[in-house]
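Please keep the sequence and the model side by side while reading. The explanation below moves from the overall fold to the interior, and then to single positions.

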Amino acid sequence: MSTRTFRVTVRGVFDGLSAEQRAGLLERAAEHDVLRAAFTPEGSLTYDVAVRPAFTFRFLDSGEAEEDILWATERAEEAARAWLEQRGYGYKNLRSTAEDLSQAPLGKRQRREAARKGF
């Protein structure tokens, strides 16, 4: 059985931030800019609290079976909750989406290469 790669995105909204917490997030905003976004095993956080209190975590996980994507999503949500709670950040509206890259449609270049190789 081959390994499947999953991309999990966990979105939410900061809730009830104190003035100090908001200032701390603003101070570290450059570290969490969307231009630095990446899907990583430990999770990549992006936000722009100056514009709105929403955040996005991006996780990279893997499994062998199609249903492993459910476990990957659960792990990602738990990791996002843990990160927020360890720092005392309130949050709400946590929701997740997951993508199995083995099921993702091929781009034009990938289709051309697959056709050339006889797949």
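The paragraphs that follow describe this structure, beginning with the chain as a whole.

The model is a predicted one, and its chain contains three helices and four strands. Read from the N terminus on, these elements follow one another in the order β-α-β-β-α-β-α. Among contacts between residues at least 6 apart in sequence, 67% join residues that are at least 24 apart. Of the 119 residues of the chain, 29% count as buried, while the chain exposes about 8,000 Å², of which carbon and sulfur atoms supply 48%.

We turn next to the interior. In soluble globular proteins, nonpolar side chains tend to be buried together. In this model the largest nonpolar core has 17 residues, and those with the most contacts inside it are Val10, Phe14, Tyr47, Phe55, Phe57 and Phe59. At least two residues of this core are supplied by each of strand S1 (4-14), strand S2 (44-47), strand S3 (54-63) and helix H2 (68-86), and H2 gives the most, with five residues. Phe14 can serve as a guide to these surroundings: with its neighbours within four places in sequence left aside, phenylalanine 14 is in contact with Leu25, Tyr47, Val49, Pro53, Ala54, Phe55, Leu84, Tyr89, Gly90 and Tyr91.

Which residues that are not part of the nonpolar set are nevertheless buried? Two threonines provide examples. Threonine 9, placed in strand S1, has a relative accessible area of 10% and is therefore counted as buried, the limit being under 20%. Apart from residues up to four places away in sequence, threonine 9 touches Phe39, Thr56, Phe57, Arg95, Ser96 and Thr97, and among these Phe57 also belongs to the residues with the most contacts inside the largest nonpolar core. Threonine 73 lies in helix H2 and is likewise buried, with a relative accessible area of 17%. Its contacts, again not counting residues up to four places away in sequence, are with Val8, Ser96 and Ala98, so that Ser96 is touched by threonine 9 and by threonine 73.The largest pocket offers another view of the model. About 300 Å³ of space lies in this pocket, and of the 17 residues that line it, the closest to its centre are Thr46, Tyr47, Asp48, Arg52 and Ala54. S1, S2 and S3 each supply at least two residues of the lining, with the largest share, four residues, coming from S3. By class, the lining has seven nonpolar, four polar and six charged residues.

Histidine 32 is placed in the loop between helix H1 (19-27) and S2, and at 14% relative accessibility this histidine counts as buried. Leaving aside neighbours within four places in sequence, histidine 32 is in contact with Leu45, Thr46 and Tyr47. Histidine 32 and aspartate 48 are 16 residues apart in sequence, and their C-alpha atoms are 7.9 Å apart in space.

A last position concerns the backbone. Asparagine 93, found in strand S4 (residues 91-100), has a positive phi of about 55° although it is not a glycine.

Definitions and conventions. Residues numbered from 1 in each chain as written. Predicted model: local features only at pLDDT ≥ 70, side-chain atom pairs only at ≥ 80, totals over all residues. Heavy atoms only, no water. Core = buried A, V, L, I, M, F, W, Y, C linked by side-chain atoms within 4.5 Å. Buried < 20%, exposed > 50% of the residue type's maximum accessible area, 1.4 Å probe, protein only. Contact = heavy atoms within 4.5 Å. Areas by Shrake-Rupley, 256 points an atom, 1.4 Å probe, with all protein chains shown as cover. 1 Å grid on protein atoms, 1.4 Å probe; cavity = no way out; pocket = protein on both sides within 12 Å on 5 of 7 lines; lining within 4 Å. Points joined across faces, edges and corners; volume = space filled by probe spheres on them. Nonpolar A, V, L, I, M, F, W, Y, C, P; charged D, E, K, R; others polar.
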